[in-house]
Amino acid sequence: MIAFFRRRHGGLVIVALILALLPLFFQNAYHYDLAIRIAINAVIVLGLNLLIGFAGQISLGHAGFLGIGAYASAILPSHYGWPPLLAMMAGATCAALLAALVARPIFRLKGHYLAMATLGLGVILAIAFKNEASLTGGPDGMAVVPLSLFGYELSGEKKWYALMAVLLLFSLWASTNLIDSPFGRALRALHGSEVAAQVAGVHIVRYKVAIFVLSAVFASLMGSLTAHYVGFVTPNVADFLHSIELVTMVVVGGMASVYGSLVGAALLTALPQALARFEGWETVAFGAILMLFMIFLPRGIVPTLAARFEKGKE
Amino acid sequence: MAALLEVDALSIQFGGVKAVQDVSFSVPAGAIYAVIGPNGAGKTTLFNLITGLYTPTSGEIRLEGQAIQGKPPHELARLGMARTFQNLQICLNMTALENVMVGAHLRLDRNLIKAALRWPALSRRERELRQEAAECMAYAGLEDFLEARADAMPYGALKRLEIARALAAKPRLLFLDEPAAGLNPKETQEVAELVRKIATHGVTVVLIEHDMKMVMSLADRILVLDYGKKLAEGSAAEVRANPDVIAAYLGAHA
């Protein structure tokens with residue numbers, strides 16, 4: 001039994017089972033809605049964890065890329081009549097190009113300086129979405145057409161839940177594969193020792209740029225889906241606080257942990273909802289819970305528990 | 001023996017400090033070549049220059065006649081250079097075996113998309129690589145650490161892990177920066193045997209070492225550095241008899 005769970009994709013099977021069984025416990029559309037939001041966040045956080053947890057870099061402006069996807073999917077179909085799928089691809093391409101363009105100068109920087117540079121990027125994007133009112137609707141936001149794929153319109157929580165469950169499973173699978181490949185090892189190696197990685201032949205700048213671009217594409221695609229799902233987009237999607245929230249999900253769930261990304265996203269998406277009954281005190285309770293997690297599970301939930309489990313077996 | 005590596009009038013200056021000054025030497029293919037000298041003589045700086053971590057202020061480095069100075073480390077790795085570090089550069093976020101697998105980076109398909117989709121040919125190569133890396137570890141005497149996490153290994157084993165990682169690249173030219181530093185006499189003896197074994201398998205070895213017994217018994221030729229300058233160069237017997245070397249090591253002014 002344990003051998004089964006320890007297999008490479010044991011975790012994937014468990015998540016698939018949970019995703020398949022969850023709808024049996026859903027009583028209303030709100031439960032579906034929460035699950036869909038968790039899945040969207042989990043995919044973004046997976047991409048971000050590849051950058052932060054595995055490659056040891058940081059991005060405090062990731063919501064900016066989310067915004068690019070969201071606004072591409074809002075603007076191109078409404079203003080120019082593009083099919084949603086094409087708009088989504090255009091957004092992802094745009095995010096990839098921007099990420100690649102800024103990554104080279106940005107990744108010369110390290111630590112706090114890198115954090116500041118990525119923060120600046122996010123802030124600029126958020127301001128652009130707010131100020132280009134003729135295109136984006138400004139601070140009031142704009143409506144987004146429903147997602148239709150090859151003439152089939154995706155509407156209703158159940159269909160969205162199915163789509164996101166498939167995307168989440170695929171992302172978990174692909175990320176697990178990636179980190180255990182020559183590409184993924186090069187990323188982890190440059191995190192562990194840049195000098196050692198370089199001497200072993202790893203072109204470190206190229207790898208940092210590649211993973212930044214990949215995580216930006218993850219974010220942009222999920223931004224597009226969020227926009228279509230909610231049916232409305234405001235500049236808040238690209239807000240600095242949203243970027244911080246995503247980084248917090250990575251840290252709380254567990255740096256360099258694929259399943260930690262899922263746990264972090266689930267916890268930080270569901271917790272504010274669960275705390276809503278503490279009228280007026282929910283932010284305080286939320287902060288206190290985060291502090292407790294960081295004090296008692298400093299490496300993040302999944303890596304700490306996994307280490308305890310390993311120890312318990314010996 | 002033809003020269004595999006030639007260094008010609010190599011210098012580097014950090015601000016006002018001339019860390020390496022006008023150093024020339026050549027390493028014959030297949031040799032064990034030792035670089036010795038007091039602390040601060042510029043030995044590691046010389047390694048950093050040759051392996052591309054520093055760019056020389058002046059001078060030339062040639063690998064089989066091709067000028068390579070100023071090339072970045074990842075390009076030099078492609079030309080068959082590998083090295084270890086005096087202050088360990090182990091990726092502690094990975095297992096021992098994965099560290100060794102990183103050494104084989106350039107011999108692998110590094111495509112991102114294929115990796116994410118678990119391309120069958122890539123998976124097959126990964127399984128072979130695991131086997132190869134395990135063999136490299138066994139070769140370096142690390143068979144007990146095949147399953148170990150790097151951050152749970154003792155110092156002596158990490159020194160060998162660096163060598164195993166360098167060997168996984170299948171280099172032509174291997175630089176070892178104080179492989180025996182901090183090891184006890186028995187471990188030092190084992191590392192010396194390992195270095196000899198590596199050389200007999202056709203890898204040219206350039207080695208920085210403070211353990212004189214080890215250097216004298218291993219090295220075909222020895223370069224002595226002092227204050228960034230070449231003090232002497234020659235066979236073990238020649239270097240041992242050189243009055244400048246004796247003066248530098250004993251601190252006397254001859």
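**Two chains, helices and sheets in a predicted model**

Chain A contains 15 helices and four strands. The structure described here is a predicted model, and a good way into it is to take chain A as a whole before looking at one of its helices.

The C-alpha trace of chain A spans about 60 × 50 × 45 Å along its principal axes. A compact globule of 314 residues would be expected to have a radius of gyration near 20 Å, and the value for chain A is 19 Å, so the two agree. Of these 314 residues, 47% are buried. The contacts in chain A also tell us how the chain folds back on itself: among those between residues at least 6 apart in sequence, 75% join residues at least 24 apart.

Helix α12 of chain A, residues 240-253, offers a simple check that a reader can repeat. At 1.5 Å a residue, its 14 residues should span 20 Å, and the C-alpha atoms at its ends are indeed 20 Å apart, which agrees. Several residues of α12(A) are buried, among them A:S243, A:L246 and A:V247. The buried set also includes A:M249, A:V250, A:V251, A:V252 and A:G253. Just after α12(A) comes A:G254, with a positive phi of about 135 degrees.

Chain B can be approached in the same manner. Its secondary structure consists of ten helices and ten strands. The C-alpha atoms of chain B fill a box of roughly 65 × 40 × 35 Å along the principal axes. For 254 residues, the compact-globule estimate of the radius of gyration is near 18 Å; chain B has 19 Å, which agrees. Buried residues account for 44% of the 254 residues of chain B. Among its contacts between residues at least 6 apart in sequence, 66% join residues at least 24 apart.

Two sheets of chain B are worth following strand by strand. As a reminder, the strands of a sheet pair through backbone hydrogen bonds, either parallel or antiparallel.

One sheet of chain B is open and has four strands in the order β2-β1-β4-β5, with antiparallel pairing. Strands β2 (17-28) and β5 (66-67) of chain B stand at the edges with a single partner strand each, so one side of each has no neighbour in the sheet. Further in, β1 (residues 3-14) and β4 (residues 58-63) of chain B are joined in the antiparallel sense by five bridges. Here B:V7 stands opposite B:I61 in β4(B). Helix α1 of chain B, residues 43-50, lies across β1, β2 and β4 of chain B and runs at about 65 degrees to β2(B).

Another open sheet of chain B is built from six strands in the order β6-β7-β8-β3-β9-β10, and its pairing is mixed. Strands β6 and β10 of chain B are at the edges; each has a single partner strand, so one side of each is left without a neighbour in the sheet. From one strand to the next, the twist averages 15 degrees.

Starting from the β6 edge, β6(B) runs parallel to β7 (residues 173-177) of chain B, and three bridges join them. Within this pair, B:M81 stands opposite B:L173 in β7(B). Helix α7 of chain B, residues 185-200, packs on the sheet and touches β3, β7 and β8 (204-208) of chain B. The direction of α7 makes about 150 degrees with that of β8(B).

Further along the sheet, β3 (residues 32-36) and β9 (residues 221-226) of chain B pair in the parallel sense over four bridges. The bridge partner of B:Y33 in β9(B) is B:R221. Strand β9(B) also pairs with β10 (residues 229-234) of chain B, this time in the antiparallel sense and over five bridges. In β10(B), B:G234 is the bridge partner of B:I222. Together β9(B) and β10(B) form a hairpin with two residues between them, and B:Y227 in the turn has a positive phi of about 50 degrees.

Finally, the two chains touch. The contact takes 31 residues from chain B and 25 residues from chain A. On the chain B side, the elements that give two or more residues are α2 (73-78), β6 (81-83), α3 (96-103) and α4 (112-116) of chain B. The residues on the side of chain B that touches chain A divide into 18 nonpolar, six polar and seven charged. Strand β6 of chain B therefore appears in both parts of this account, as an edge strand of the six-stranded sheet and as a contributor to the contact with chain A.

Definitions and conventions
Residues numbered from 1 in each chain as written. Chains lettered and ligands numbered in written order. Predicted model: local features only at pLDDT ≥ 70, side-chain atom pairs only at ≥ 80, totals over all residues. Expected span 1.5 Å × (residues − 1). Buried ≥ 20, exposed ≤ 12 C-beta atoms within 10 Å, placed from the backbone. Rg over C-alpha atoms; globule rule 2.2 N^0.38 Å. Contact = placed C-beta atoms within 7 Å. Pairing = 2+ DSSP bridges. Axes fitted to C-alpha atoms, helices over the stretch in contact; angles between N-to-C directions. Nonpolar A, V, L, I, M, F, W, Y, C, P; charged D, E, K, R; others polar.
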